[in-house]
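Here are a few short exercises to work through with the model open in your viewer. Try each task yourself before reading its solution.

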Amino acid sequence: GISAPAVYFVDYVTNSIYLEDIVGSITVQDHINSVQQSGDDTSSLLPLAEKMGEVLARMHDEDLIHGDLTTSNILLRPPTEKLDLVLIDFGLSFISGLPEDKGVDLYVLEKAFLSAHPDTETMFKALLKTYAATSKKSGPVIKRLDEVRLRGRK
Amino acid sequence: MELTHPLELFPGCSVTLLLFRRVRNAAALRKKAMEGSIEGALINPAMIVDPFQILVAANKAVHLEKIGKMKTRTLYAEIIFSLSPNNNISDAFKKFGISDSDTAVLIVLVADREKKINLEDITSQVEGQQVSVDELPQLTDIAKVKKLYKVTPQEEKIGTLLDSIVCRMSTKDVL
(Lines give C-alpha, C1' and ligand atoms only; values in the text may rest on other atoms or scores of the structure.)
Protein backbone atom coordinates (compact mmCIF):
# COMPACT_ATOMS: atom_id res chain seq x y z
CA GLY A 1 0.00 0.00 0.00
CA ILE A 2 2.93 2.39 -0.55
CA SER A 3 3.33 4.26 -3.79
CA ALA A 4 6.65 3.38 -5.42
CA PRO A 5 7.76 2.96 -9.06
CA ALA A 6 6.56 -0.30 -10.62
CA VAL A 7 9.22 -2.85 -11.53
CA TYR A 8 9.04 -3.62 -15.23
CA PHE A 9 11.98 -5.96 -15.83
CA VAL A 10 14.84 -7.46 -13.85
CA ASP A 11 17.94 -8.33 -15.88
CA TYR A 12 20.19 -10.71 -13.97
CA VAL A 13 22.82 -10.66 -16.72
CA THR A 14 23.64 -7.00 -16.44
CA ASN A 15 22.29 -6.76 -12.88
CA SER A 16 19.89 -3.98 -13.84
CA ILE A 17 16.34 -3.19 -12.82
CA TYR A 18 14.00 -1.37 -15.20
CA LEU A 19 11.54 0.79 -13.30
CA GLU A 20 8.61 3.03 -14.04
CA ASP A 21 9.50 6.66 -14.80
CA ILE A 22 7.35 9.02 -12.76
CA VAL A 23 6.88 11.57 -15.53
CA GLY A 24 6.94 15.24 -14.55
CA SER A 25 7.65 14.53 -10.90
CA ILE A 26 9.83 16.61 -8.62
CA THR A 27 11.58 15.64 -5.43
CA VAL A 28 10.16 16.86 -2.16
CA GLN A 29 13.55 18.50 -1.69
CA ASP A 30 13.16 20.62 -4.83
CA HIS A 31 9.59 21.45 -3.90
CA ILE A 32 10.47 22.66 -0.40
CA ASN A 33 13.36 24.69 -1.82
CA SER A 34 11.17 26.38 -4.40
CA VAL A 35 8.50 27.21 -1.83
CA GLN A 36 11.08 28.70 0.53
CA GLN A 37 12.83 30.60 -2.24
CA SER A 38 9.63 32.15 -3.49
CA GLY A 39 9.17 33.57 -0.01
CA ASP A 40 6.03 31.54 0.69
CA ASP A 41 5.25 30.77 4.27
CA THR A 42 6.45 27.32 5.25
CA SER A 43 3.12 26.77 6.98
CA SER A 44 1.84 25.97 3.49
CA LEU A 45 4.17 22.97 3.65
CA LEU A 46 2.53 21.48 6.74
CA PRO A 47 0.01 19.35 4.80
CA LEU A 48 2.97 17.89 2.88
CA ALA A 49 4.72 17.07 6.17
CA GLU A 50 1.57 15.39 7.44
CA LYS A 51 1.27 13.32 4.26
CA MET A 52 4.92 12.24 4.63
CA GLY A 53 4.27 11.18 8.23
CA GLU A 54 1.28 9.15 7.07
CA VAL A 55 3.18 7.34 4.28
CA LEU A 56 6.15 6.54 6.52
CA ALA A 57 3.84 5.24 9.24
CA ARG A 58 2.23 2.85 6.77
CA MET A 59 5.63 1.74 5.52
CA HIS A 60 6.97 1.07 9.01
CA ASP A 61 3.77 -0.72 10.04
CA GLU A 62 4.57 -3.22 7.27
CA ASP A 63 8.02 -3.51 8.88
CA LEU A 64 9.75 -2.04 5.85
CA ILE A 65 12.77 0.11 6.67
CA HIS A 66 13.77 2.44 3.81
CA GLY A 67 17.37 2.86 4.97
CA ASP A 68 18.06 6.12 3.13
CA LEU A 69 15.22 8.51 3.85
CA THR A 70 15.93 11.97 2.52
CA THR A 71 13.74 14.56 0.85
CA SER A 72 15.36 13.70 -2.47
CA ASN A 73 14.15 10.11 -2.16
CA ILE A 74 10.51 11.13 -2.05
CA LEU A 75 8.87 12.30 -5.28
CA LEU A 76 5.73 14.35 -5.84
CA ARG A 77 3.62 13.22 -8.79
CA PRO A 78 2.12 16.14 -10.73
CA PRO A 79 0.06 18.12 -9.89
CA THR A 80 1.99 18.83 -6.68
CA GLU A 81 -1.11 20.15 -4.84
CA LYS A 82 -2.48 16.59 -4.78
CA LEU A 83 0.35 15.56 -2.44
CA ASP A 84 0.67 12.23 -4.27
CA LEU A 85 3.97 10.97 -2.83
CA VAL A 86 6.14 8.27 -4.42
CA LEU A 87 8.96 6.66 -2.45
CA ILE A 88 12.09 5.79 -4.40
CA ASP A 89 15.58 4.32 -4.04
CA PHE A 90 15.19 1.22 -1.92
CA GLY A 91 18.83 0.22 -2.39
CA LEU A 92 19.46 0.21 1.36
CA SER A 93 16.13 -1.14 2.53
CA PHE A 94 15.43 -4.18 4.64
CA ILE A 95 12.63 -5.77 6.64
CA SER A 96 12.58 -5.26 10.40
CA GLY A 97 10.02 -5.00 13.17
CA LEU A 98 12.48 -3.43 15.61
CA PRO A 99 11.57 0.03 16.92
CA GLU A 100 15.32 0.76 16.90
CA ASP A 101 15.54 0.34 13.13
CA LYS A 102 12.42 2.43 12.56
CA GLY A 103 13.66 5.08 14.95
CA VAL A 104 16.96 5.27 13.09
CA ASP A 105 15.08 5.48 9.77
CA LEU A 106 13.22 8.55 11.07
CA TYR A 107 16.40 10.00 12.57
CA VAL A 108 18.18 9.79 9.21
CA LEU A 109 15.29 11.67 7.65
CA GLU A 110 15.29 14.27 10.41
CA LYS A 111 19.01 14.96 9.96
CA ALA A 112 18.68 15.11 6.17
CA PHE A 113 15.62 17.34 6.48
CA LEU A 114 17.10 19.89 8.85
CA SER A 115 20.44 20.08 7.05
CA ALA A 116 18.92 20.51 3.58
CA HIS A 117 16.08 22.80 4.65
CA PRO A 118 16.77 25.37 7.37
CA ASP A 119 13.90 26.51 9.61
CA THR A 120 11.78 23.44 9.01
CA GLU A 121 11.57 22.19 12.58
CA THR A 122 7.81 22.81 12.67
CA MET A 123 7.46 20.79 9.48
CA PHE A 124 9.24 17.81 10.94
CA LYS A 125 7.24 18.10 14.16
CA ALA A 126 4.02 17.90 12.11
CA LEU A 127 5.44 14.89 10.26
CA LEU A 128 6.12 13.06 13.50
CA LYS A 129 2.71 13.95 14.92
CA THR A 130 0.92 12.42 11.96
CA TYR A 131 3.31 9.46 12.00
CA ALA A 132 2.43 8.81 15.64
CA ALA A 133 -1.28 9.16 14.94
CA THR A 134 -1.23 6.90 11.86
CA SER A 135 1.11 4.13 12.96
CA LYS A 136 -0.23 1.39 15.14
CA LYS A 137 3.20 0.73 16.58
CA SER A 138 4.53 4.26 16.94
CA GLY A 139 4.99 4.50 20.72
CA PRO A 140 8.22 2.48 21.02
CA VAL A 141 9.50 3.95 17.73
CA ILE A 142 9.21 7.58 18.87
CA LYS A 143 10.81 6.60 22.17
CA ARG A 144 13.76 5.08 20.31
CA LEU A 145 13.98 8.13 18.09
CA ASP A 146 14.43 10.30 21.19
CA GLU A 147 17.14 7.94 22.45
CA VAL A 148 18.92 7.91 19.08
CA ARG A 149 18.83 11.71 19.02
CA LEU A 150 20.57 11.81 22.40
CA ARG A 151 23.16 9.28 21.22
CA GLY A 152 23.89 11.37 18.16
CA ARG A 153 24.64 14.41 20.23
CA LYS A 154 27.35 12.83 22.40
CA MET B 1 -6.46 -3.43 -36.34
CA GLU B 2 -3.55 -5.34 -34.99
CA LEU B 3 -1.11 -3.62 -32.67
CA THR B 4 2.64 -3.74 -33.30
CA HIS B 5 5.12 -2.39 -30.80
CA PRO B 6 8.92 -2.48 -30.89
CA LEU B 7 10.86 -3.87 -27.93
CA GLU B 8 13.16 -1.00 -26.99
CA LEU B 9 15.69 -3.27 -25.32
CA PHE B 10 15.98 -5.45 -28.40
CA PRO B 11 16.44 -3.28 -31.49
CA GLY B 12 14.85 -4.74 -34.59
CA CYS B 13 12.52 -6.86 -32.49
CA SER B 14 8.78 -6.17 -32.44
CA VAL B 15 5.67 -7.66 -30.88
CA THR B 16 2.34 -7.87 -32.75
CA LEU B 17 -1.02 -8.46 -31.06
CA LEU B 18 -4.05 -9.74 -32.97
CA LEU B 19 -7.46 -10.02 -31.34
CA PHE B 20 -10.21 -12.32 -32.60
CA ARG B 21 -13.81 -12.62 -31.41
CA ARG B 22 -16.62 -14.99 -32.32
CA VAL B 23 -14.00 -17.74 -32.70
CA ARG B 24 -15.43 -21.12 -33.63
CA ASN B 25 -12.33 -23.33 -33.80
CA ALA B 26 -10.63 -22.74 -30.45
CA ALA B 27 -10.17 -26.48 -29.92
CA ALA B 28 -8.39 -26.94 -33.25
CA LEU B 29 -6.24 -23.85 -32.65
CA ARG B 30 -5.24 -25.08 -29.22
CA LYS B 31 -4.21 -28.43 -30.69
CA LYS B 32 -2.11 -26.68 -33.33
CA ALA B 33 -0.48 -24.53 -30.65
CA MET B 34 0.40 -27.60 -28.59
CA GLU B 35 1.87 -29.31 -31.65
CA GLY B 36 3.88 -26.20 -32.39
CA SER B 37 2.39 -25.79 -35.86
CA ILE B 38 1.22 -22.25 -35.20
CA GLU B 39 3.87 -19.53 -35.02
CA GLY B 40 2.37 -17.48 -32.22
CA ALA B 41 1.26 -17.45 -28.58
CA LEU B 42 -2.46 -18.11 -28.19
CA ILE B 43 -3.67 -16.29 -25.12
CA ASN B 44 -6.98 -16.01 -23.27
CA PRO B 45 -7.86 -12.27 -23.54
CA ALA B 46 -9.94 -12.40 -20.33
CA MET B 47 -6.71 -12.46 -18.31
CA ILE B 48 -5.13 -9.47 -20.04
CA VAL B 49 -5.83 -5.92 -18.84
CA ASP B 50 -3.61 -3.99 -21.23
CA PRO B 51 -1.24 -4.62 -24.16
CA PHE B 52 1.60 -3.45 -21.91
CA GLN B 53 1.15 -6.64 -19.86
CA ILE B 54 1.92 -8.62 -23.03
CA LEU B 55 4.93 -6.42 -23.84
CA VAL B 56 6.45 -7.02 -20.40
CA ALA B 57 5.96 -10.79 -20.78
CA ALA B 58 7.34 -10.78 -24.33
CA ASN B 59 10.33 -8.65 -23.29
CA LYS B 60 11.22 -11.10 -20.54
CA ALA B 61 10.72 -14.11 -22.84
CA VAL B 62 12.91 -12.63 -25.60
CA HIS B 63 15.60 -11.77 -23.04
CA LEU B 64 15.61 -15.32 -21.65
CA GLU B 65 15.66 -16.83 -25.14
CA LYS B 66 18.70 -14.76 -26.07
CA ILE B 67 20.66 -15.87 -23.01
CA GLY B 68 19.46 -19.47 -23.30
CA LYS B 69 17.70 -19.44 -19.92
CA MET B 70 14.06 -20.07 -20.88
CA LYS B 71 12.09 -22.25 -18.52
CA THR B 72 9.86 -23.57 -21.32
CA ARG B 73 10.74 -25.01 -24.71
CA THR B 74 9.67 -22.28 -27.10
CA LEU B 75 9.58 -18.48 -27.13
CA TYR B 76 5.78 -18.49 -27.40
CA ALA B 77 5.39 -20.87 -24.47
CA GLU B 78 7.76 -18.64 -22.52
CA ILE B 79 5.57 -15.58 -23.16
CA ILE B 80 2.57 -17.42 -21.71
CA PHE B 81 4.67 -18.58 -18.75
CA SER B 82 5.95 -15.03 -18.12
CA LEU B 83 2.38 -13.79 -17.72
CA SER B 84 1.91 -16.02 -14.70
CA PRO B 85 2.54 -14.69 -11.16
CA ASN B 86 3.95 -18.07 -10.11
CA ASN B 87 6.52 -20.54 -11.38
CA ASN B 88 4.23 -23.43 -12.29
CA ILE B 89 4.35 -23.93 -16.07
CA SER B 90 1.26 -26.11 -16.54
CA ASP B 91 -0.77 -23.79 -14.34
CA ALA B 92 0.28 -20.86 -16.54
CA PHE B 93 -0.98 -22.64 -19.64
CA LYS B 94 -4.25 -23.51 -17.97
CA LYS B 95 -4.87 -19.95 -16.82
CA PHE B 96 -3.43 -17.91 -19.71
CA GLY B 97 -3.61 -20.24 -22.68
CA ILE B 98 -6.83 -20.79 -24.58
CA SER B 99 -9.27 -23.56 -23.85
CA ASP B 100 -11.47 -25.48 -26.27
CA SER B 101 -14.61 -23.55 -25.39
CA ASP B 102 -13.13 -20.05 -25.75
CA THR B 103 -14.75 -17.69 -28.26
CA ALA B 104 -12.10 -14.98 -28.11
CA VAL B 105 -8.39 -15.38 -28.73
CA LEU B 106 -5.45 -12.99 -28.45
CA ILE B 107 -2.55 -14.01 -30.66
CA VAL B 108 0.93 -12.66 -29.95
CA LEU B 109 3.68 -12.76 -32.56
CA VAL B 110 7.31 -11.80 -32.22
CA ALA B 111 9.39 -10.73 -35.20
CA ASP B 112 13.01 -9.72 -35.52
CA ARG B 113 15.47 -9.08 -38.32
CA GLU B 114 15.84 -12.79 -39.02
CA LYS B 115 12.25 -13.88 -38.47
CA LYS B 116 9.60 -11.94 -40.37
CA ILE B 117 5.97 -12.62 -39.59
CA ASN B 118 3.22 -13.39 -42.05
CA LEU B 119 -0.08 -12.12 -40.71
CA GLU B 120 -2.07 -13.86 -43.46
CA ASP B 121 -0.66 -17.21 -42.33
CA ILE B 122 -2.07 -16.69 -38.86
CA THR B 123 -5.36 -14.98 -39.65
CA SER B 124 -6.26 -17.62 -42.24
CA GLN B 125 -6.14 -20.32 -39.57
CA VAL B 126 -8.61 -18.60 -37.22
CA GLU B 127 -12.31 -19.19 -37.83
CA GLY B 128 -13.46 -15.96 -36.31
CA GLN B 129 -13.55 -12.22 -36.77
CA GLN B 130 -10.42 -10.13 -36.30
CA VAL B 131 -11.22 -6.99 -34.31
CA SER B 132 -9.20 -4.00 -33.12
CA VAL B 133 -6.97 -4.62 -30.10
CA ASP B 134 -8.78 -1.60 -28.61
CA GLU B 135 -11.63 -3.98 -27.84
CA LEU B 136 -9.44 -5.90 -25.37
CA PRO B 137 -10.80 -4.13 -22.23
CA GLN B 138 -14.28 -5.37 -23.14
CA LEU B 139 -13.02 -8.93 -22.82
CA THR B 140 -11.06 -8.59 -19.59
CA ASP B 141 -12.46 -10.42 -16.57
CA ILE B 142 -11.22 -8.00 -13.90
CA ALA B 143 -12.41 -10.02 -10.91
CA LYS B 144 -10.66 -13.13 -12.20
CA VAL B 145 -7.47 -11.19 -12.87
CA LYS B 146 -7.44 -9.67 -9.38
CA LYS B 147 -7.98 -13.08 -7.84
CA LEU B 148 -5.25 -14.78 -9.88
CA TYR B 149 -2.65 -12.11 -9.25
CA LYS B 150 -3.81 -11.73 -5.63
CA VAL B 151 -4.18 -7.96 -5.83
CA THR B 152 -5.20 -6.48 -2.46
CA PRO B 153 -7.67 -3.60 -1.99
CA GLN B 154 -4.85 -1.61 -0.33
CA GLU B 155 -2.79 -1.85 -3.52
CA GLU B 156 -5.67 -0.77 -5.67
CA LYS B 157 -5.97 2.44 -3.70
CA ILE B 158 -2.33 3.29 -4.43
CA GLY B 159 -1.66 2.24 -8.00
CA THR B 160 -3.25 0.79 -11.10
CA LEU B 161 -4.16 -2.85 -11.55
CA LEU B 162 -1.70 -2.98 -14.45
CA ASP B 163 1.17 -1.84 -12.19
CA SER B 164 0.36 -4.51 -9.60
CA ILE B 165 0.30 -7.19 -12.28
CA VAL B 166 3.51 -6.08 -13.97
CA CYS B 167 5.39 -5.98 -10.65
CA ARG B 168 4.39 -9.53 -9.89
CA MET B 169 5.36 -10.72 -13.37
CA SER B 170 8.78 -9.11 -13.29
CA THR B 171 9.75 -10.08 -9.75
CA LYS B 172 8.40 -13.61 -9.47
CA ASP B 173 11.79 -15.21 -9.81
CA VAL B 174 13.32 -12.96 -7.20
CA LEU B 175 11.01 -13.89 -4.38
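**Exercise 1: The fold of chain A**

Chain A has 5 helices and 7 strands. The model is a predicted one.

*Task.* Write down the order of the elements in chain A from the N terminus on, and decide how the radius of gyration of chain A fits the globule rule.

*Solution.*
1. Starting at the N terminus, the order in chain A is β-β-β-α-α-β-β-β-β-α-α-α.
2. For 154 residues the globule rule gives 15 Å, and the radius of gyration of chain A is 16 Å, so chain A is as compact as a globular protein of that length.
3. For the overall dimensions, the C-alpha trace of chain A spans about 45 × 40 × 30 Å along its principal axes.
4. Contacts tell you about the chain's path: of those in chain A with a separation of 6 or more, 68% are between residues 24 or more positions apart.

**Exercise 2: One side of a helix**

*Task.* Which residues of helix α1 (residues 28–37) of chain A are buried, and what covers them?

*Solution.*
1. Take under 20% relative accessible area as the cut-off for buried.
2. In α1 of chain A, the residues that count as buried are A:V28, A:H31, A:I32 and A:V35.
3. Around the axis they cover an arc of only 95°, which puts them on the same side of α1(A).
4. The spacing rule helps here: an α-helix has 3.6 residues a turn, so residues three or four places apart point the same way.
5. The cover over the buried residues of α1(A) includes the strands β3 (26–27), β5 (74–76) and β6 (85–87) of chain A, together with the helices α2 (46–61), α3 (99–116) and α4 (121–134).
6. After the helix α1(A) comes A:G39, with a positive phi near 80°.

**Exercise 3: A loop residue**

*Task.* Where in chain A is A:S25 found, and is A:S25 buried, partly exposed or exposed?

*Solution.*
1. Look in the loop between β2 (16–19) and β3 of chain A, and you will find A:S25 there.
2. The relative accessibility of A:S25 is 22%, so A:S25 counts as partly exposed.
3. Now list its contacts, setting aside neighbours within four places in sequence: A:S25 touches A:L75, A:L76, A:R77 and A:P78.
4. As a distance check, the C-alpha atoms of A:S25 and A:T71 are 13 Å apart in space, with these positions 46 residues apart in sequence numbering.

**Exercise 4: Chain B**

*Task.* How many helices and strands does chain B have, and how does its radius of gyration fit its 175 residues?

*Solution.*
1. Count the elements of chain B: there are 9 helices and 5 strands.
2. In order from the N terminus, the elements of chain B are β-β-α-β-α-α-α-β-α-β-α-α-α-α.
3. A compact globule of 175 residues would have a radius of gyration near 16 Å, and the 15 Å of chain B agrees.
4. The C-alpha atoms of chain B fill a box of roughly 45 × 35 × 30 Å along the principal axes.

**Exercise 5: Surface and charge**

*Task.* For each chain, give the buried share, the accessible surface and the charge counts.

*Solution.*
1. In chain A, 42% of the 154 residues are buried, while in chain B the share is 50% of 175 residues.
2. Chain A exposes about 8000 Å², with 56% supplied by carbon and sulfur atoms; chain B has about 8900 Å², with 52% from those atoms.
3. Chain A carries 16 positive and 23 negative charges, with mean positions 8 Å apart.
4. Chain B carries 23 positive and 22 negative side chains, and the centres of these two sets are 6 Å apart.

How values were computed:
Residues are numbered from 1 along each chain as its sequence is written. Chains are lettered from A and ligands numbered from 1 in the order in which they are written. This is a predicted model: local features need pLDDT of at least 70, side-chain atom pairs count only at pLDDT 80 or more; totals for chains, interfaces and linings use all residues. Side-chain values use heavy atoms; hydrogens and water are left out. Helices (H or I, at least four residues) and strands (E, at least two) are DSSP runs, numbered from the N terminus. The radius of gyration is taken over C-alpha atoms; the globule rule is 2.2 Å times the number of residues to the power 0.38. Buried means under 20% relative accessible area, exposed over 50%, partly exposed in between (1.4 Å probe, protein chains only). Accessible areas come from the Shrake-Rupley method with a 1.4 Å probe; for residues, only the protein chains shown count as cover. Lys and Arg count as positive and Asp and Glu as negative; His and the chain ends are not counted. The place of a charge is taken as NZ of Lys, CZ of Arg, CG of Asp or CD of Glu. The arc is that of the directions from the helix axis to the C-beta atoms. Contact means heavy atoms within 4.5 Å.
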